[in-house]
Amino acid sequence: MNTLRTAFLLQVHKNPEQVNAFIEQLISENHADVYVHIDKKNNDQLCGEIVQNDRIHILQNNISCDWGDISQIDTTILLLKEALSTKRPYDFIILRSGQDLLVKNGLKEFLSEHKGTIFMTFYEKTKKNLASMKVNWPKITRRRYTTPHPYRLYRRSVRLLYEMGINMYPNMKPWPEKFTFYHGSQWFCIPFEVAKYIIEFLENNEWYYEYFKNTLVPDEWFFQTLIMNSHFKHQVVNDNLMFLKWGETFRTGNSPLNISFQDIKEIQESNSYFARKFDETFDQSVIEYFTKSVQFGRENNREYKQIQ
């Protein structure tokens with residue numbers, strides 16, 4: 001009998017009906033629990049709109065979660081602590097956003113066959129991107145801009161200077177030489193013991209969190225660096241099971257593009273279990289397609305029509 005237990009951690013900030021559709025996918029056939037953090041900026045509008053179920057846990061303590069900021073890390077830590085506090089013996093803890101969806105059946109069976117494996121993307125540091133960690137970035141410069149904003153140009157200039165060996169505003173927090181930086185997508189799938197290790201490490205090593213406070217987009221470095229410098233390193237598969245399409249223009253280059261119905265064939269061919277980002281105000285039809293045909297507990301694809 002398959003007894004896989006999974007905790008999904010969701011960062012939510014808009015579109016409650018779409019979020020509920022994702023949650024319904026995840027709790028199908030009672031195979032998982034869902035922990036929801038609602039961005040404090042939108043809590044009043046969303047809190048009462050999330051579907052009610054014994055398997056759904058909405059965090060009472062929430063924070064304002066901003067792009068490129070340490071608050072992204074704070075949100076993830078809150079979710080991890082909430083799941084761990086229940087002392088339920090989860091096999092996996094999976095971090096996702098409210099704009100994701102399951103896009104392939106069979107995830108439960110896949111995870112059952114890969115217990116103990118860490119699924120996350122990671123890349124080693126390069127001179128070009130290490131400025132994100134080695135420079136002290138004021139909060140106002142860490143915001144997401146989609147136009148040629150002065151602070152976006154400032155970031156580019158500071159990065160170029162760093163590549164040339166000039167660090168005008170160095171991150172002065174202590175960092176041990178033995179720790180190598182790694183970066184990648186913030187979304188991960190980790191075993192319970194890895195989640196427990198992360199929280200215990202942070203409680204016993206305050207310097208680690210302190211270093212990241214004024215870094216740029218720390219959520220793409222924090223957990224990769226911690227895990228890849230631990231004894232869990234050899235359990236990592238460089239894949240977070242997520243499909244996404246990155247923008248290629250100056251305006252869209254900082255985030256994944258919205259998914260449309262025309263992307264379904266490419267998603268199916270990717271063999272990924274999740275995709276992002278979906279937005280009901282952009283294309284409701286693709287959301288309906290996946291929420292009707294894909295569930296966490298569904299073991300086969302008989303009802304999962306391939307788009308030709």
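The questions and answers below concern salt bridges in a predicted model.

Local features need pLDDT of at least 70 and side-chain atom pairs count only at pLDDT 80 or more, while totals for chains, interfaces and linings use all residues. Residues are numbered from 1 along each chain as its sequence is written, and side-chain values use heavy atoms, with hydrogens and water left out.

Q: How many salt bridges does a search of the whole structure find?
A: A salt bridge is a side-chain nitrogen of Lys or Arg within 4 Å of a carboxyl oxygen of Asp or Glu. Side chains of opposite charge can pair when their charged atoms come close. Searching the whole structure gives a count of 15.

Q: Which residue meets Arg5 in a salt bridge, and is that partner buried or exposed?
A: The N to O distance of this salt bridge is 3.8 Å, and the partner of Arg5 is Asp33. Arg5 lies in the segment before strand 1 (6-12) and Asp33 in strand 2 (residues 32-38), so the pair ties together parts 28 residues apart in sequence; strands are DSSP runs of E, at least two residues, and helices are runs of H or I, at least four, numbered from the N terminus. Buried means under 20% relative accessible area, exposed over 50%, and partly exposed in between (1.4 Å probe, protein chains only). With a relative accessible area of 2%, Asp33 is buried.

Q: What is the N to O distance in the salt bridge of Asp279 and Lys14?
A: Asp279 is buried at 6% relative accessibility, whereas Lys14 is partly exposed at 30%. Their side chains meet at an N to O distance of 2.8 Å.
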